[in-house]
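Me: Could you go through this structure with me? I'd like to talk about how its parts fit together and then about the ligand.
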Amino acid sequence: MDKENKRVLFDTVIVGCGPAGLTAAIYSGRARFKTVVLQSRLVASQVLTTSEVENYPGFVGAVSGFELIDKFQKQAESFGVEIVSATVSEIRKNKENFQVVTDDQIYDAKSVIIASGAQPKELGVDGEIRLRGKGVSYCGTCDGAFFRNKKIIVVGGGDTAVEEALFLTKFAETVTIVHRRDRLRAVKILEERAFSCEKISFIWDSVVRQIEGAEKVESIILENVKSKEKEKVFCDGVFIFVGYLPNVGFMKDFLDKDEKGYIITDSNMVTSHSGIFACGDCRNTSLRQVITACGDGAIAAQSARYYLEELMGVGYK
Ligand code: NAP
């Protein structure tokens, strides 16, 4: 497709269609800026793989990630925002505008809001890549149903690992959480639920050294980090939840990032490059939740608004 033939100038191009990007879109749309949200064809917002969000205010019990995103999208569209499926490969800048390059079009933009989120980290052990989709998974909501009455290993000790382990008990015969420490990082309420769940057991102070199986996962090799003893554990599935990496490859060296690769912003979501703002899980923040992503998105859109009004010479002082 000819990228040059379909050039459109937007006030704001938002990269990412999760809670941060869509909240920014709602604010940008209400400010009457010509706004487009680019939704990656390759990476879905993490919240879409979350079956139950129970800490987003306003929903007693829980709301599914899908339902939340659906509502956010419809709300953004009601303010005239376009939402387009397009994977961003690069962002450039000429004298006047930014060019957000996607797989089939270039979007010219006066300002850009990066809300591209993060994706699950790999464990980096032997057998992980080979057996991906054959028992190795990074998403309980996506793959849990394939493990009815099976033995599942969950790797990690954070909120995601414990929450997903609890979810997987709906299907599995047993869920064993393997954690490299002797206590969980996860929030207490999740810990309490996991400790009182009959299907869940724990292997502490241990790391996975290898995932084994000819055609599908059959077992893992664990190493106790204190005693250095190794142990083979038979299982049908290995679900890995050991943190996330920011989706910022398309930014190359355009923006300053921290040592883990997250985009550095100030408290107004302003990045090291004038006119580019970042919000949500892709930025250096201490808490990565739906509610904080939404807050970030609102602030990013507000900062973009001040930037655009200044650019247009219509700043309200
Ligand atoms: P996380 O908090 O970074 O936890 C990652 C876990 O994996 C840690 O327990 C870590 O061990 C372990 N780990 C990391 N690398 C490992 C390796 N190579 N081998 C073995 N274990 C390894 O990540 P997360 O649980 O995905 O959570 C990410 C963010 O999302 C957090 O801010 C969390 O609060 C948030 N979150 C919130 C909710 C909720 O509120 N319901 C749900 C999910 C996620 P150590 O503890 O030793 O570092």
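Reply: We can take the domains and then the ligand. This is a predicted model, in which local features need pLDDT of at least 70 and side-chain atom pairs count only at pLDDT 80 or more, while totals for chains, interfaces and linings use all residues. Residues are numbered from 1 along each chain as its sequence is written, and side-chain values use heavy atoms, with hydrogens and water left out.

Me: OK, which domains does the assignment give for the protein chain?
Reply: The assignment, which is automatic or from a database, gives domain 1 as 9-120 + 244-311 and domain 2 as 136-240. The C-alpha centres of domain 1 and domain 2 lie 32 Å apart.

Me: And how many residues does the contact take from each domain?
Reply: Counting contact as heavy atoms within 4.5 Å, seven residues come from domain 1 and nine residues from domain 2.

Me: What area is buried between domain 1 and domain 2?
Reply: About 630 Å² is buried between domain 1 and domain 2, with carbon and sulfur atoms giving 46% of that area; buried area here is the accessible area (1.4 Å probe) that two parts lose on being put together, summed over both. On the domain 1 side, Thr 49, Ser 51 and Glu 54 lose the most area to domain 2, together 56% of what that side buries.

Me: How many salt bridges cross that interface?
Reply: The rule, a side-chain nitrogen of Lys or Arg within 4 Å of a carboxyl oxygen of Asp or Glu, finds two salt bridges between domain 1 and domain 2.

Me: Switching to the ligand, which residues are closest?
Reply: Of the 18 residues that surround the ligand, the closest are Asp 159, Thr 160, Glu 163, Arg 181 and Arg 185, where a residue counts as near if one of its heavy atoms lies within 4 Å.

Me: Where do polar atoms approach the ligand oxygens?
Reply: A polar side-chain atom of Thr 160 lies 2.6 Å from an oxygen atom of the ligand, an N or O atom in the side chain of Arg 180 is 2.9 Å from a ligand oxygen, and a polar backbone atom of Gly 157 is 3.1 Å from one.

Notes
A polar contact is a pair of N or O atoms within 3.5 Å; within protein, one must be able to donate a hydrogen and the other to accept it, and residues adjacent in sequence count only if both atoms are side-chain atoms.
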